[in-house]
Amino acid sequence: EQQVAKPLRRGHLGADPIRALAVYGALAEPLQQAQRHAIRLATAVSDCPGVTALGCDGTAYHSAGASDAEELAAIIASAVEFLRAGEAEGVAPATVFKSIAVTLHADADVFFTIAKLRAARRLMARVAEAISAGTPSTHITAVTAWRMMARRDPWSNMLRTTIATAGAALGGADAIVVLPFTYALGRPDAFARRMARNTQ
């Protein structure tokens with residue numbers, strides 16, 4: 001059995017109980033317990049520098065109508081909650097912070113997208129400074145926003161996702177997810193998936 005060496009492992013486990021609670025309105029267990037489990041997961045992968053376990057996902061709030069500033073506020077609040085949960089479990093703030101990855105929406109307003117992603121990086125750096133975690137770089141994933149998608153003229157969505165992707169790249173996103181242009185109509189076909197891949 002072959003294993004990938006820990007320094008070479010890459011991935012994101014996406015434990016984000018606060019987002020799940022915001023989206024579904026309930027969790028399978030109390031929030032504090034879910035936060036404890038997330039922190040234990042972060043501790044388990046702390047020796048793999050390329051793996052993050054905790055997610056601060058602003059896309060749920062953006063999809064529900066939040067502004068760019070509110071989306072940023074949501075990810076910072078989630079990060080602080082993870083740090084508090086880590087403190088309660090006796091885990092060093094630097095260990096928790098290194099395991100946090102951020103996800104934000106990129107939309108057709110290219111300048112706001114650039115500003116939001118750059119602001120997110122600076123805000124996370126300020127949180128790291130406040131907890132004396134050094135200067136770790138936060139992994140930021142940008143997802144093209146589904147709320148900008150048109151249903152009646154889906155072809156125009158290709159322009160919107162292309163502009164959003166450019167904004168995400170110029171804003172310094174580490175990873176970009178492009179939704180298919182027919183996303184608002186349901187399950188995309190092979191052509192829509194191929195266009196989403198090629199947009200990048």
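The following conversation goes through the sheet and the salt bridges of a predicted model.

Trainee: What kind of sheet is there, and in which order do the strands stand?
Mentor: The sheet is open and has five strands, in the order β1-β2-β3-β4-β5, with parallel pairing.

Trainee: Which strands stand at the edges?
Mentor: The edge strands are β1 (11-15) and β5 (175-177). Each has a single partner strand, so one side of each is left without a neighbour in the sheet.

Trainee: By how many degrees are neighbouring strands turned against each other?
Mentor: On average the angle is 35 degrees between neighbouring strands of this sheet, with direction ignored.

Trainee: Let us take β3. Is the strand buried or exposed?
Mentor: Strand β3 covers residues 100-106, and seven of its seven residues are buried, so the strand is largely enclosed by the rest of the structure.

Trainee: Which way do the side chains of β3 point?
Mentor: Ile-100, Val-102, Leu-104 and Ala-106 point one way, while Ala-101, Thr-103 and His-105 point the other way. Both sets are buried.

Trainee: Why is there such an alternation?
Mentor: In a regular strand, side chains alternate between the two faces of the sheet.

Trainee: How many bridges are there between β2 and β3?
Mentor: Four bridges pair β3 with β2 (residues 51-57), in the parallel sense. Leu-54 has Ile-100 of β3 as its bridge partner, and Asp-57 stands opposite Thr-103 in β3.

Trainee: And on the β4 side, how many bridges join the strands?
Mentor: Strand β4 (residues 139-144) runs parallel to β3 and is joined to it by six bridges. Thr-103 stands opposite Thr-141 of β4. The chain gets from β3 to β4 through helix α6 (residues 110-130), in a right-handed β-α-β crossover.

Trainee: Which residue of β4 is the bridge partner of Ala-106?
Mentor: That partner is Thr-144. As for α6, this helix packs on the sheet and touches both β3 and β4. The direction of α6 makes about 165 degrees with that of β3.

Trainee: What about β2, buried or exposed?
Mentor: Seven of the seven residues of β2 are buried, so this strand is largely enclosed by the rest of the structure.

Trainee: How many bridges join β1 to β2?
Mentor: There are three bridges between β1 and β2, and the two strands run parallel. His-12 stands opposite Thr-52 in β2.

Trainee: Changing topic, how many salt bridges are there?
Mentor: The count comes to eight salt bridges. One of them joins the side chains of Lys-6 and Asp-47, at 2.7 Å from N to O.

Trainee: Where do Lys-6 and Asp-47 lie?
Mentor: Lys-6 lies in the segment before β1, and Asp-47 in the loop between α2 (31-44) and β2, so the pair ties together parts that are 41 residues apart in sequence. Lys-6 counts as partly exposed at 38% relative accessibility, and Asp-47 counts as partly exposed at 39%.

Trainee: Which residue meets Arg-40 in a salt bridge?
Mentor: The side chain of Arg-40 meets that of Glu-89, at 3.6 Å from N to O. This pair links distant parts of the chain, with Arg-40 in helix α2 and Glu-89 in the loop between α4 (68-88) and α5 (93-98), 49 residues apart. Relative accessibility is 46% for Arg-40, which counts as partly exposed. Glu-89 also counts as partly exposed, at 30%.

Trainee: And which residue forms a salt bridge with Arg-121?
Mentor: Arg-121 forms a salt bridge with Asp-174, and their closest N and O atoms are 3.1 Å apart. Because Arg-121 lies in helix α6 and Asp-174 in the loop between α7 (157-170) and β5, the pair ties together parts that are 53 residues apart in sequence.

Trainee: How accessible are Arg-121 and Asp-174?
Mentor: Arg-121 has a relative accessible area of 25% and is partly exposed. Asp-174 counts as partly exposed at 44% relative accessibility.

Trainee: Which residues do salt bridges with shared partners join into one network?
Mentor: That network consists of Asp-68, Glu-71 and Lys-116.

Definitions and conventions: Residues numbered from 1 in each chain as written. Predicted model: local features only at pLDDT ≥ 70, side-chain atom pairs only at ≥ 80, totals over all residues. Heavy atoms only, no water. Buried < 20%, exposed > 50% of the residue type's maximum accessible area, 1.4 Å probe, protein only. Pairing = 2+ DSSP bridges. Right-handed = clockwise from strand over helix to strand, strands pointing away. Axes fitted to C-alpha atoms, helices over the stretch in contact; angles between N-to-C directions. Contact = heavy atoms within 4.5 Å. Salt bridge = Lys/Arg side-chain N within 4 Å of Asp/Glu carboxyl O.
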